[in-house]
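Me: I want to go through the labels on this model one by one. For each, give me the value, the cut-off and the verdict.

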Amino acid sequence: MCLGIPGKITAITDAARLMAMADVSGVRREVNVACITGDDPSALIGQWALIHVGFAMSLIDEDEAAKTLEALRDLGEAQETLNQMAASDKALAAGVET
Amino acid sequence: MKFASEFRDPAAARALLSAIARKADEIGATRANPVHIMEICGGHTHSIFRYGLDKLIHEGVEFIHGPGCPVCVLPMARVDECVEIAETPGVIFTTFGDAMRVPGHRKSLLQAKSGGADIRMVYSPLDALELARRNPGREVVFFGLGFETTTPSTALSIQAAAREGLNNFSVFCNHITVPEPIRALLGDPDMMLDGFIGPGHVSMVIGIHPYDFIARDFGKPIVVAGFEPTDLLQSVLMVLTQVAEGRAAVENQYARVVPEHGNPVSLAAIADVYEARPSFEWRGLGEIDASGLRIRPRYAAFDAEEKFGIGYATGRRNVPEVEGCACGAVMIGKLKPTQCPQFGNGCTPEMPLGALMVSSEGACAAYWQYAGAREAMA
């Protein structure tokens, strides 16, 4: 929860809410880009960011992203974050009242 | 020693370890009279243990594990309050997974969930917001836990809820800040710290100037560090260099990620939504001035403390910790984890008695997880 994980921004999904799709270790996850965007969010597509609990907090270069991901894997934190993303999908789907 | 296979760049690590040894000798640091360096962040603690840096480094350098693990410093009373809110009819209680197994007096959130409370682990407060949108008839409470790495995320989520007029979403705010406990530790006459390794990702949000008082008022060096092993070793060398030169400054080893002034959007959101509490309770450290955040009155509609009348502000104080648990003494460096009588007996990661055994960022869990590897290195 205290360590961010690198993700690559692949699309803007909701420009008004500043939401984007990110690829995090092969998992697609919607993230908020308010903290890293300039005037044009679409300029973020293809860039790497450090993502903390669903919020992209800092742009990083591809080399830094690769090194950070490797360090997170060593610590078991990468898998832990991916597990949390999966658990969250489950939490969203469970018991929805209409 | 598994040294070479453990490091991506063993040559760089060896060179740094040699430079550290030379600098430690220059200062006259020895096993009996070491330089004490506190790594503030629990992620750094984990990394130090993962790579055995405390064993590889010159014997005159001793790491003191700081308070930078949010679930480790969470008083049991806060867990009890979470359970109380979660057991309120109609509530969906959402939390980061880290908090699920932290023991409360009656039960943990995980035990409350088994007992039928609707408690859901979420990766992000954005998912709690989405749950609130999908469940208009339920009150969705998010447990706002953590330091400045997670604080912007709950601030931005509250702002979003306010914009959308989402009146069934609230945050149980127990966010804490990094600089104030460090000020409290430095003010303790028993504490013998010579320098600090500053947190990387927290500093990405707040920048490096919130640490100015450490150098200016207390004359101690602090180096903000990345969490790869060579980042940590380089940062130790930078701290030792300051000590050797009789300097005290805030330095940034992790400038490739940490901007001097932090992230302006995050800081603006935090300032808009939160204000400092006069004081806040830390497990093991007690009450610390201005070390916790509460939701500003203008966002009271999204404040679970207001909605439920439950929380730190409602006045329950100093609820005693579990008998036999020495987390408090370990937290301030007075005891090593293995010196706690419960370590490995009454307290293991599977059945934690104290919070330091729960999180992978806690010192006890790190000692436990890497015990085998550490014996092999010794």
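Me: What makes helix 3 of chain B lie across strand 1, strand 2 and strand 7 of chain B, and at what angle to strand 1 does it run?
Reply: Helix 3 (residues 42–50) of chain B lies across these three strands and runs at about 120° to strand 1 of chain B. Axes are lines fitted to C-alpha atoms, for helices over the stretch in contact, and angles run from 0 to 180 degrees between N-to-C directions. Helices (H or I, at least four residues) and strands (E, at least two) are DSSP runs, numbered from the N terminus. The model is predicted: local features need pLDDT of at least 70, side-chain atom pairs count only at pLDDT 80 or more, and totals for chains, interfaces and linings use all residues. Residues are numbered from 1 along each chain as its sequence is written, while chains are lettered from A and ligands numbered from 1 in the order in which they are written.

Me: Why is Met38(B) called buried?
Reply: Met38(B) has 26 C-beta neighbours inside 10 Å, so it counts as buried. The label needs 20 or more other C-beta atoms within 10 Å; 12 or fewer is exposed, and in between is partly exposed, with C-beta atoms placed from the backbone. Met38(B) lies in strand 1 (residues 35–41) of chain B.

Me: Which residues does Met38(B) touch, leaving out those up to four places away in sequence?
Reply: Ile64(B), Gly66(B), Leu193(B) and Phe196(B). Contact means C-beta atoms, placed from the backbone, within 7 Å.

Me: What is the strand order of the open sheet in chain B, and which strands are its edges?
Reply: The order is 2-1-7-8-9, with parallel pairing. Strand 2 (61–68) and strand 9 (250–252) of chain B are the edges, as each pairs on one side only. The twist averages 25° from one strand to the next.

Me: How do you know that strand 8 of chain B pairs with strand 9 of chain B?
Reply: 3 bridges join strand 8 (residues 222–224) to strand 9 of chain B. Pairing takes at least two DSSP bridges. Val223(B) stands opposite Glu251(B) in strand 9 of chain B.

Me: Why are helix 2 of chain A and helix 7 of chain B called roughly parallel?
Reply: They pack at an angle of about 10°, with their axes 10 Å apart. Angles under 35 degrees count as roughly parallel, over 145 as roughly antiparallel, 65 to 115 as roughly perpendicular and the rest as oblique. Helix 2 of chain A and helix 7 of chain B are therefore roughly parallel.

Definitions and conventions:
Contact = placed C-beta atoms within 7 Å.
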